[in-house]
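Biologist: I would like a close look at a single part of this model, its interior. Please tell me which residues sit there, what they touch, and how that part fits into the whole chain.

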Amino acid sequence: MNVPMYNAIRRCIPFASMVLGYMVFVKKPSPLVFISIMIVTAGTGLAAYGDMQFDLRSYLYGISSVMLMGFHLIVLQYNGLKKKLSALDQLYVNSINCIPIFGTLFLVNLKEMLLYEHLGELKFILSFLLVCCCGCLLNYSMFLCTTTNSALTTTCVGVIKSGFTTVIGMFVFGGVDLTIYFVSGQIINFSGGILYSYAKFQENFASKLKPPPQHNNA
């Protein structure tokens, strides 16, 4: 699967988050939010239909990634709401849990890493440190957005980001045949993300206009 199409498949995460969020929190989204999520999902389906390099196994991997990411974000939101864990707390726990996995991968691939020809070059070291810092900031911002807002908001904001990533990926990495279905699907997908942002803005604006509850002192 090419990079632009993988980014398009990942934009189904809002739909997975919406379904899982309803199952866990029993909270229905507003009609406008629901419509925006369905637009995002429909755009993904249309783009997939126009993918001339369709490979079933690649799409199964992509769908598995979508479900796991949706579940991951719902767990973050649940821990933030129910267990009152902050984004930093959850990031710390997540890092501890990943040590056995990445430690094992490090030991397995240690020989190949030591044989890398650019290992001692300053450019590689600086680039590696920059990637690590960006990864830390990315994870923290994702955890913070999920605990402060919701898993659905995090994924829908990611839809807008993925729109730009898809366009850049088409020109930088290539490997994608531009068809009317693919391009139309990308546009519809991106429009759904914009509509979701507008829907959440309307909800927040309306909640601020509501008068505070009055308490009767009898």
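**A look inside the chain**

Modeller: Happy to! Let me start from the outside: the protein chain has an accessible surface of about 14,400 Å², and 71% of that surface belongs to carbon and sulfur atoms (areas come from the Shrake-Rupley method with a 1.4 Å probe; for residues, only the protein chains shown count as cover). Please keep in mind that this is a predicted model, in which local features need pLDDT of at least 70 and side-chain atom pairs count only at pLDDT 80 or more, while totals for chains, interfaces and linings use all residues. Residues are numbered from 1 along each chain as its sequence is written, and side-chain values use heavy atoms, with hydrogens and water left out.

The fold has nine helices and zero strands (DSSP runs numbered from the N terminus, H or I over at least four residues for a helix and E over at least two for a strand). Of the 218 residues in the protein chain, 32% are buried; here buried means under 20% relative accessible area, exposed means over 50%, and partly exposed lies in between, with a 1.4 Å probe and protein chains only. Taking contacts between residues at least 6 apart in sequence, 85% join residues at least 24 apart, where a contact means heavy atoms within 4.5 Å.

Now to the interior itself. The largest nonpolar core has 18 residues, and those that touch the most other members are I13, V66, M69, L73, I74, M142 and F143. A nonpolar core here is a set of buried Ala, Val, Leu, Ile, Met, Phe, Trp, Tyr and Cys residues joined through side-chain atoms within 4.5 Å. Helix 2, helix 4 (56-81), helix 5 and helix 7 (122-148) each give two or more residues to this core, and helix 4 has the largest share, with six. There is also a second, separate core of seven residues, including M18, V33, L152 and Y196.

F143 is a good place to stop and look around. Leaving aside neighbours within four places in sequence, F143 is in contact with H72, L76, A87, Q90, L91 and N94. Two of these partners deserve a closer look. Q90 lies in helix 5 (residues 87-108) and counts as buried because its relative accessibility is 5%. With the residues up to four places away set aside, Q90 touches V75, L76, N79, G80, L85, F143 and T147. H72 lies in helix 4 and has a relative accessible area of 26%, so it is classed as partly exposed. Beyond its neighbours up to four places away, H72 touches N94, M142 and F143. The C-alpha atoms of H72 and S17 are 9.3 Å apart, although 55 residues separate the two along the chain.

Helix 4 also holds G62, which is buried because its relative accessible area is 1%. Not counting residues up to four places away in sequence, G62 touches Y6 and I9. The C-alpha atoms of G62 and C12 are separated by 9.7 Å, with their positions 50 residues apart along the chain.

If you follow the loop from helix 4 to helix 5, you will find K84. K84 is exposed because its relative accessible area is 67%, and its phi is positive, about 60°, although K84 is not a glycine. Most residues other than glycine have a negative phi.

Towards the C-terminal part, F182 sits in helix 9 (residues 180-209) and is buried because its relative accessibility is 1%. F182 and Y49 are 133 residues apart in sequence, yet 7.3 Å apart from C-alpha to C-alpha.

Finally, a word on the annotation. An unreviewed UniProt entry places the feature "transmembrane region" at residues 32-52, 58-79, 91-110, 122-140, 152-173 and 179-199; the positions follow the numbering used here, feature names are shortened, and annotations may be inferred rather than shown by experiment. In the model, residues 122-140 are 100% helix and 0% strand, and their end C-alpha atoms lie 27 Å apart. Residues 179-199 are 95% helix and 0% strand, with 30 Å between the end C-alpha atoms.
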